[in-house]
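Here are my notes for you, as promised. Have the model open beside you and click along as you read.

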Amino acid sequence: MRHPPRPFALLTGAALVTASCAFAAMGTAPGAAAAPLCTVEYSVVGQWAGGFQGAVTVTNNGSALNGWSLGFTFPAAQAVSQGWGAKWSQTGPAVVAVNENWNAGLGTGASATTGFIASWSGANTAPGAFTLNGNLCHTEPGPDPTPTPTPTPTPTPTPPDPTDPPGPAPGAPELSVTGNRLTDQNGATRRLLGVNRSGGEFMCVQGNGIFDGPVDDAAVRAIADWKANTVRIPLNEECWLGLDNIKSEYRGAQYIDAVKGLVDRVLAHGMTPVVELHWTYGQYTGNSSGCADVHASCQKPMPDARYAPAFWTSVANAFKNDRRIAFDLFNEPYPDRATSTTAQAWTCWRDGGTCPGIGYEVAGMQDLVDAVRATGARNLVLVPGIAYSNDLSQWLAHAPADPTGHLAAAWHVYNFNTCADETCWDSTLAPVAARVPLVAGEIGENTCGHAFIDRVMAWSDARALSYLGWTWNTWNCSSGPSLITSYDGTPTAFGLGLRDRLRALN
């Protein structure tokens with residue numbers, strides 16, 4: 001809808017280094033210390049077996065710069081595999097990050113934040129020195145990374161009697177794909193039935209916080225009281241990756257920790273968290289453009305090749321050790337609005353690259369699946385269609401390859417979409433649902449009632465499909481379908497239909 005790494009031993013907030021760059025200054029008295037002209041902060045945002053995500057913020061305390069190059073040397077054979085916020089390169093242990101065109105200017109007192117993903121083995125010692133435009137920065141080492149306690153493994157459930165049909169595993173399930181069904185670790189069929197919790201995609205980039213409204217235990221318990229078993233959590237790639245156009249308090253480690261906290265609370269209430277990439281980088285001003293901004297401040301027609309694969313590498317590494325967490329690759333692709341033919345749209349959707357009508361390099365669905373699976377993650381992955389995820393007519397013919405086989409098709413349906421009646425669902429969606437699990441990641445209507453979603457739910461229930469209502473936020477009918485009037489779970493007239501259906505099913 002368009003609108004106005006906890007299960008593993010993570011090392012967070014660690015390996016912090018502050019560097020004061022001392023340069024010779026004209027007019028400095030003999031023997032006097034030169035004023036520090038820059039400050040560099042290096043941190044490990046997250047670390048996992050064999051890899052880590054790092055962040056570097058450089059603040060210019062001297063004269064304004066028009067172009068900058070940050071250099072450092074890894075002391076323990078670490079190797080950068082991808083980066084953002086700068087053009088990254090590495091020769092042996094020497095790493096260089098050169099400004100992008102959009103952040104070349106670094107005025108006095110201004111900062112630039114860059115990030116990267118790298119491999120490590122043996123030790124992940126922080127760099128001891130940094131250079132800015134070739135000038136040495138004196139560094140003061142921070143604390144060594146301290147691992148957080150490893151979570152206690154979830155006890156393995158007792159296998160069911162082979163003569164009985166499998167019963168569902170307790171709590172949030174470890175999800176797999178079996179034919180066209182979602183199954184848990186006991187082999188029981190599962191459906192994802194619940195709500196979206198919007199906010200994480202827009203609040204941070206607008207400078208207003210991380211979530212829209214409370215996400216504490218009481219707020220999550222209110223969702224569970226509706227008998228929901230799934231919560232979809234839309235995210236913003238620039239906020240997760242810590243890009244410097246986002247306020248420092250809402251980006252990087254702070255944003256990641258907040259998302260992990262919400263994921264943990266959803267799991268604690270026995271529900272499945274679906275983490276989803278919603279708003280992304282890339283300037284698009286063509287047909288149906290949501291904004292002219294290059295930054296992740298609205299829904300773009302396709303994810304970008306610059307940051308989206310890095311986002312999914314980082315997210316997958318954060319959650320890959322807990323298969324109770326599902327991944328939704330991209331909210332609502334609409335390359336069909338930019339390209340001249342449906343064939344071009346589906347090719348762009350799958351393969352990315354240079355797509356007609358889209359002015360930035362695109363990451364296709366195959367690129368994002370590859371980024372997730374390269375981490376070793378076997379979590380369930382939801383792959384949306386085109387036309388704002390409403391068109392799945394060629395999904396089977398263009399589905400990305402997945403070595404694990406744990407892909408499901410995602411679709412969105414509102415009363416104002418093109419495919420919004422049972423005839424279309426029977427002809428275009430039922431064939432997909434016969435081959436792979438089908439999840440309606442968003443259902444809703446702009447009528448302030450629930451007559452339309454009642455039809456969607458009845459059609460889906462007859463086929464044992466999954467659906468999630470948009471959205472668990474206290475908006476009104478003019479700003480988007482809202483399920484609640486209060487975060488205690490008081491339903492709107494629209495939300496009443498979903499609440500009663502969930503309670504009847506669960």
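1. Start with Thr-57, which sits in strand β3 (residues 51-60); strands here are DSSP runs of E with at least two residues, helices are runs of H or I with at least four, and both are numbered from the N terminus. Is Thr-57 buried or exposed? Thr-57 counts as buried because its relative accessibility is 17%, and buried means under 20% relative accessible area, exposed over 50%, partly exposed in between (1.4 Å probe, protein chains only).

2. Keep in mind that this is a predicted model, where local features need pLDDT of at least 70, side-chain atom pairs count only at pLDDT 80 or more, and totals for chains, interfaces and linings use all residues. Residues are numbered from 1 along each chain as its sequence is written, and side-chain values use heavy atoms, with hydrogens and water left out.

3. Now look at who Thr-57 meets. Its side chain and that of Thr-113 are joined by a polar contact of 2.9 Å (a pair of N or O atoms within 3.5 Å; within protein, one must be able to donate a hydrogen and the other to accept it, and residues adjacent in sequence count only if both atoms are side-chain atoms). Setting aside neighbours within four places in sequence, the contacts of Thr-57 include Thr-39, Val-40, Glu-41 and Arg-251, where contact means heavy atoms within 4.5 Å.

4. Next, hop to Arg-324, in the loop between α4 and β19. With a relative accessible area of 23%, Arg-324 is partly exposed. Its C-alpha atom is separated by 6.0 Å from that of Ala-172, though the two residues are 152 apart along the chain. Besides Ala-172, Arg-324 touches Pro-173, Glu-174, Leu-267, Thr-272 and Pro-273, if you skip residues up to four places away in sequence. The side chains of Arg-324 and Asp-322 also make a polar contact (2.7 Å).

5. His-398 belongs to helix α7 and is buried, at 11% relative accessible area. Which backbone oxygen lies 3.1 Å from a polar atom of the His-398 side chain? That of Gln-394. Leaving out neighbours within four places in sequence, His-398 is in contact with Trp-346, Thr-347, Trp-349 and Arg-350.

6. Helix α8 (residues 422-433) deserves a look. Its buried residues are Cys-424, Trp-425, Leu-429, Val-432 and Ala-433. They cover an arc of only 105° around the axis, so they are on the same side of α8; the arc is that of the directions from the helix axis to the C-beta atoms. These buried residues pack against α7 (395-398), β21 (407-414), β22 (438-444) and α9 (451-461). At the start of α8, a side-chain oxygen of Asp-421 comes to within 3.1 Å of the backbone nitrogen of Thr-423.

7. On to the inside. The largest nonpolar core (buried Ala, Val, Leu, Ile, Met, Phe, Trp, Tyr and Cys residues joined through side-chain atoms within 4.5 Å) has 113 residues, of which Trp-240, Trp-312, Phe-327 and Trp-411 touch the most other members. Helix α4 (residues 308-319) gives the most to this core, with eight residues.

8. Last, confidence. The chain's mean pLDDT is 89, with 87% of residues at 70 or more; pLDDT is the predictor's confidence in each residue, from 0 to 100. Strand β1 (residues 14-22) has the lowest mean among the elements, 41, and strand β19 (residues 326-328) the highest, 99. Over residues 4-32 the pLDDT is below 50, yet this stretch has 110 contacts in the model beyond near neighbours in sequence.
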